[in-house]
Amino acid sequence: MESLTIENFLKTKNEKGEVGKEVYATLIALCSAAKKIAEIAAVNGIGADSLGSLTGAENTDGDEQKALDVLADQLICNALGPTGISAYLSEERDEAVIFEGSDSQIVVASDPLDGSSNIDTNLTIGTIFSIYRAEQESWLREGRAQQAAGFFAYGPQTVLLITTGQGVAGFCLNTEGQFVQMDWQPQIPATTKEFAINAANSRYWPAKVKRYIDTVLAGVDGPRGQNFNMRWNGSLVADAFRIFRRGGIFLYPEDSRKNYENGRLRLVYEANPIAFLVEQAGGRASDGKADILDITPTSYHMRVPFIFGSTDEVDSYHSEQ
Ligand code: AHG
Ligand code: MN
Ligand code: MN
């Protein structure tokens, strides 16, 4: 049976009224931008300057911008121009880009290049996006109001995980340059034996995080009575895709470092879109207490502690709180 292309998948959703015309156009535009990013990343290091080279600028959140951060952001912004959306929020921009003449109130928030520290190391990087309607001029809405969300991961495969509120669908870029649906229904298993955390930060963690990690490290000899494995990619999209594939728990909690009192990940264009996908795939996403999707954003680049994945394991973390 011929695999469904993203275009036909979205066309059907539009005909069924599951996505409006701006969201439909936006998702097609994001796929075209992602294809360009994948092509550029695949030949990094040949000819032109390294895509991981520092531009000398910092983004609002204080991260040093890499060449591909800025290029990916520009490709996405250019692709969004004709879609009819009202505003574009980006990790790489202080302020929203307002598209004059649009009254759709549809907003796209994006992390144009996730996992920037991995650009020159041939590890999986990605693009994360969130689409919602924002009535007021703040261009912010709580995550539960998202109309669509997803991420592209540029790795051995270029994949797209997407939701418009009726479950999660997975697509893979084929050799003809088409995103075709994978024969896989993304569902996150309720239990897991695998956790993802940057253990190098353990001395900065609050006691509750140490307690939880100590229980999983104790393995079969400890209270959990089973051994766990650990993975940490340094790219949210890579850890997330694995968790959609085989379950797991991802933790980026708050810690005692300066600016990390709410962890590292940003609510509007990292936690919210991933949390929407996770809940749609039967998982749980929290800040350690509240569901991510219920948090009211107060600024574009606000950070949140971010714990997500297999429901029973996220609940185990909560029970240590
Ligand atoms: P970004 O490159 O967009 O700033 O995102 C990086 C994030 C996320 O992808 C990853 O999980 C996390 O930062 C890694 O943080 P550490 O480098 O502190 O481990
Ligand atoms: Mn990121
Ligand atoms: Mn980024």
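Start with helix α6. In this predicted model, α6 lies across β3, β5, β6, β7 (146-154), β8 (158-163) and β9 (168-173). Its direction is at about 100° to β7.

**Stop 1: the sheet under the helix**

Now select the strands. They form an open sheet of eight, in the order β4-β3-β5-β6-β7-β8-β9-β10, and the pairing is mixed. Which strands stand at the edges? They are β4 (97-98) and β10 (179-181). Each has a single partner strand, so one side of each is left without a neighbour in the sheet.

Go to the β4 edge. Strand β3 (residues 87-90) runs antiparallel to β4, and two bridges join them. Pick Tyr88 and look across: Val97 in β4 stands opposite. As background, strands of a sheet pair through backbone hydrogen bonds, either parallel or antiparallel.

Add helix α3, residues 67-80. This helix lies across β3, β4, β5 and β6 (125-133). Relative to β5, α3 runs at about 155°.

**Stop 2: the manganese site**

Select ligand 2, a manganese ion, and show its donors. Which residues coordinate this ion? Asp111 (OD), Asp114 (OD) and Glu270 (OE) do, at 1.9 to 2.2 Å. Along the chain, the donors follow the spacing D-x2-D-x155-E. Asp114 belongs to strand β5 (residues 106-114) and Glu270 to helix α6 (residues 267-280), so this pair ties together parts that are 156 residues apart in sequence.

Check the surface around these two residues. Asp114 and Glu270 are both buried.

Next, show ligand 3, also a manganese ion. Asp111 bridges ligand 2 and ligand 3. The two ions lie 3.7 Å apart.

**Stop 3: from Glu270 into a charged network**

Stay on Glu270 and add Arg266. The two form a salt bridge, with the closest N and O atoms 2.7 Å apart. Is Arg266 buried or exposed? Arg266 is buried, as is Glu270. Now widen the selection to Asp61, Asp63, Glu91, Arg264, Arg266, Glu270 and Arg303. Salt bridges that share partners join these residues into one network.

Within that network, zoom in on Arg264 and Asp63. Their side chains meet in a salt bridge at 3.9 Å, N to O. The pair links distant parts of the chain, 201 residues apart. Arg264 sits in the loop between β13 (249-252) and α6. Asp63 sits in the loop between β1 (54-58) and β2 (64-66). Colour both by accessibility. Arg264 is partly exposed, at 26% relative accessibility. Asp63 has a relative accessible area of 15% and is buried.

**Stop 4: another long-range salt bridge**

Move to Arg246 and Glu194. Here the side chains meet in a salt bridge at 2.8 Å, N to O. Arg246 is in helix α5 (residues 236-246) and Glu194 in strand β11 (residues 194-196). These distant parts of the chain are linked across 52 residues. Arg246 is partly exposed at 46% relative accessibility. Glu194, at 9% relative accessible area, is buried. For the whole model, the count comes to 23 salt bridges.

**Stop 5: two helices side by side**

Keep α5 on screen and bring back α6. Their axes come within 12 Å and cross at roughly 10°. The two helices are therefore roughly parallel to each other. Which residues make the contact? From α5, select Leu236, Ala240 and Phe244. From α6, select Glu270, Ile274, Leu277 and Val278. Glu270 is a place to pause: this residue also coordinates the manganese ion, ligand 2.

**Stop 6: two backbone checks**

Finish in the loops, looking at phi. Most residues other than glycine have a negative phi.

Select Trp139, in the loop between β6 and β7. Trp139 is not a glycine, yet its phi is positive, about 65°. Is Trp139 buried or exposed? With 7% relative accessibility, Trp139 counts as buried.

Then select Asn259, in the loop between β13 and α6. Asn259 is not a glycine either, and its phi is positive, about 70°. Its relative accessible area is 44%, and Asn259 is partly exposed.

Note on methods:
Residues numbered from 1 in each chain as written. Chains lettered and ligands numbered in written order. Predicted model: local features only at pLDDT ≥ 70, side-chain atom pairs only at ≥ 80, totals over all residues. Heavy atoms only, no water. Donors = N, O, S within 2.8 Å, 3.2 Å for Na, K, Ca; no water. Helix = DSSP H or I, 4+ residues; strand = E, 2+ residues; numbered from the N terminus. Buried < 20%, exposed > 50% of the residue type's maximum accessible area, 1.4 Å probe, protein only. Salt bridge = Lys/Arg side-chain N within 4 Å of Asp/Glu carboxyl O. Pairing = 2+ DSSP bridges. Contact = heavy atoms within 4.5 Å. Axes fitted to C-alpha atoms, helices over the stretch in contact; angles between N-to-C directions. Parallel < 35°, antiparallel > 145°, perpendicular 65-115°, else oblique.
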